[in-house]
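Subject: Structure handover

Hi,

Here is the structure we talked about. My notes follow below it.

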Amino acid sequence: MKKIALLGSTGSIGQSTLSICESHPDRFHPIALAAGSNLEVAFAQCQRWRPQVVSIATEALADELSARLKATGINGIEVVYGTAGTVRVATLPEADFVVSAIVGVAGLEATYAAVLAGKTVGLANKECLVAAGDLILAAAREHSVDLLPIDSEHNAIHQCLRGGSASEVKQIWLTASGGPFRNTPLADFEHITPAQALKHPTWVMGQRITIDSATMLNKGLEIIEACRLFNLPPAQVRVTVHPQSTIHSLVEYVDGSILAQISVTDMRLPILYALAWPERVPSDLTFDMAALSHLDFQQPDFERFPCLRLAYEAAAASQNHCIALNAADEIAVEAFLAGKLPFLGIPRTIEQVLALTTSGSPASIPEVLAADRAARELARELVAR
Ligand code: NAD
Ligand code: MG
């Protein structure tokens with residue numbers, strides 16, 4: 001039985017993780033949960049799973065959650081809050097495996113703490129790898145910690161890398177669905193609304209990553225995520241647009257062989273793979289190979305999706321630029337969803353923030369967070385203009 005600490009339990013990945021625990025009760029059991037502000041769902045999860053510890057965003061929410069648990073006759077759950085609360089969940093001595101699925105840099109400290117505590121980590125939170133991948137990977141090596149990617153593309157690469165050694169890899173190919181605007185003429189981009197951008201053709205996900213898929217910044221973040229996880233330069237991480245999201249990514253070896261991973265478009269599969277690794281366990285997440293008739297591919301369009309270009313540029317420039325890329329996007333997406341920034345304002349804001357970022361590489365997590373705060377501040381000023 002693996003005891004799971006789940007960061008971001010109320011989100012899309014968090015709920016899919018609990019669904020895997022539900023369908024494999026003899027293998028996986030959640031013993032600690034960290035949520036944001038969704039008190040209703042966090043309360044229902046406490047009722048269902050009776051974790052040892054639950055963390056919620058603020059002290060006020062923690063008081064309310066404690067009171068509700070008490071009123072329902074549920075005692076013995078430790079209720080904590082804020083960043084310290086997420087770190088408590090990530091480092092709980094009884095937990096074997098930490099699923100990192102808080103969205104954004106908010107998940108960084110807890111993820112890093114889990115690595116320092118020697119936990120095996122299933123990583124959905126790509127932003128923490130973009131902001132501090134070098135520090136997280138170095139700590140993982142030092143503490144002999146396994147990092148299992150949950151992001152579907154990186155999970156596919158992890159699987160395909162079992163087919164050869166690192167020195168035999170020529171390059172990797174991340175597949176991209178292309179999002180809802182794959183065929184939208186550039187002239188129409190200025191008028192894209194949040195409601196249109198929130199309709200992803202193949203995946204159901206949280207709001208930030210759905211908007212990032214529409215601008216293709218998500219693929220940009222994934223390029224950097226792949227560079228960090230698999231120790232590759234940006235030039236060896238390629239992107240191909242594959243609208244069906246059937247092949248989740250590919251590894252090209254030096255002899256010319258290309259290995260691909262195919263499965264259902266359902267995040268429960270990469271979650272199950274990470275949780276079960278190095279084993280494979282039976283599931284009902286089967287892909288109907290007999291019904292597959294064709295797969296389409298096209299080259300990514302860097303003109304309509306400048307976020308892709310910006311990500312390659314940030315990856316080539318410096319770690320500070322990668323931090324700024326993510327931070328500026330978090331602010332720009334928030335503003336777009338609030339109706340305060342047009343769709344094309346997202347790449348514009350990121351490009352402006354990157355242009356004002358000086359090269360450098362933070363040596364610690366507090367330095368990463370300081371660079372992140374500075375880039376956010378700058379992005380906020382630019383958005384307000
Ligand atoms: P989501 O918005 O559905 O959920 C985010 C979770 O983080 C929620 O539980 C929320 O309460 C919590 N949270 C937010 N701010 C917090 C804070 N300050 N403190 C504590 N908790 C906080 O997002 P999601 O789609 O589940 O994505 C989670 C992460 O996984 C993201 O980094 C995303 O890029 C990555 N990811 C998601 C998918 C997917 O299919 N949803 C696929 C690949 C990667
Ligand atoms: Mg992905």
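Which helices each supply at least two residues of the lining of the largest cavity? They are helix 7 (152-160) and helix 11 (268-276). Before the rest, one caveat: this is a predicted model.

**Cavities**

The count comes to three cavities of 30 Å³ or more. The largest has a volume of about 50 Å³. Its lining consists of Ser152, Asn155, Gln159, Trp203, His248, Gln261, Ser263, Val264, Asp266, Leu269 and Pro270. Helix 7 gives the largest share of that lining, three residues. By class, the lining of the largest cavity splits into six polar, four nonpolar and one charged residue.

The second largest cavity holds about 40 Å³ of space. Around it sit Arg182, Met216, Val241, Gln298, Gln299, Pro300, Asp301, Arg304 and Phe305. This lining has three charged, two polar and four nonpolar residues.

**Metal site**

Which residues coordinate the magnesium ion (ligand 2)? Asp151 (OD), Glu153 (OE) and Glu222 (OE) do, at 2.0 to 2.2 Å. Along the chain, the donors follow the spacing D-x1-E-x68-E. Glu153 in helix 7 and Glu222 in helix 10 (residues 217-230) are 69 residues apart, so this pair links distant parts of the chain. Helix 7 thus turns up twice in these notes: Glu153 of the metal site lies in helix 7, and helix 7 also supplies lining residues to the largest cavity.

Are the two glutamates, Glu153 and Glu222, buried or exposed? Glu153 counts as buried, at 7% relative accessibility. Glu222 is buried too, with a relative accessible area of 1%.

**Cysteines**

How many disulfides are there? The count is zero. Cys227 is in no disulfide, and the nearest cysteine sulfur, that of Cys322, is 8.2 Å away. Why is there no bond between Cys322 and Cys227? The closest cysteine sulfur to that of Cys322 is in Cys227, and 8.2 Å is too far for a bond, because a disulfide needs the two sulfur atoms within 2.5 Å. Both cysteines are buried: Cys227 has a relative accessible area of 6%, and Cys322 has one of 0%.

Those are the findings on cavities, metal site and cysteines.

Best wishes

Methods. Residues are numbered from 1 along each chain as its sequence is written. Chains are lettered from A and ligands numbered from 1 in the order in which they are written. This is a predicted model: local features need pLDDT of at least 70, side-chain atom pairs count only at pLDDT 80 or more; totals for chains, interfaces and linings use all residues. Side-chain values use heavy atoms; hydrogens and water are left out. On a 1 Å grid over the protein atoms alone, a cavity is a set of points where a 1.4 Å probe fits but cannot get out, and a pocket is an open set with protein on both sides within 12 Å along at least five of seven lines; lining residues have an atom within 4 Å of a point. Grid points are joined across faces, edges and corners, and a volume is the space filled by probe spheres set on the points. Helices (H or I, at least four residues) and strands (E, at least two) are DSSP runs, numbered from the N terminus. Ala, Val, Leu, Ile, Met, Phe, Trp, Tyr, Cys and Pro count as nonpolar, Asp, Glu, Lys and Arg as charged, and the others, Gly among them, as polar. Buried means under 20% relative accessible area, exposed over 50%, partly exposed in between (1.4 Å probe, protein chains only). Donors are N, O and S atoms within 2.8 Å of the metal (3.2 Å for Na, K and Ca); water is not among the atoms, so sites may look incomplete.
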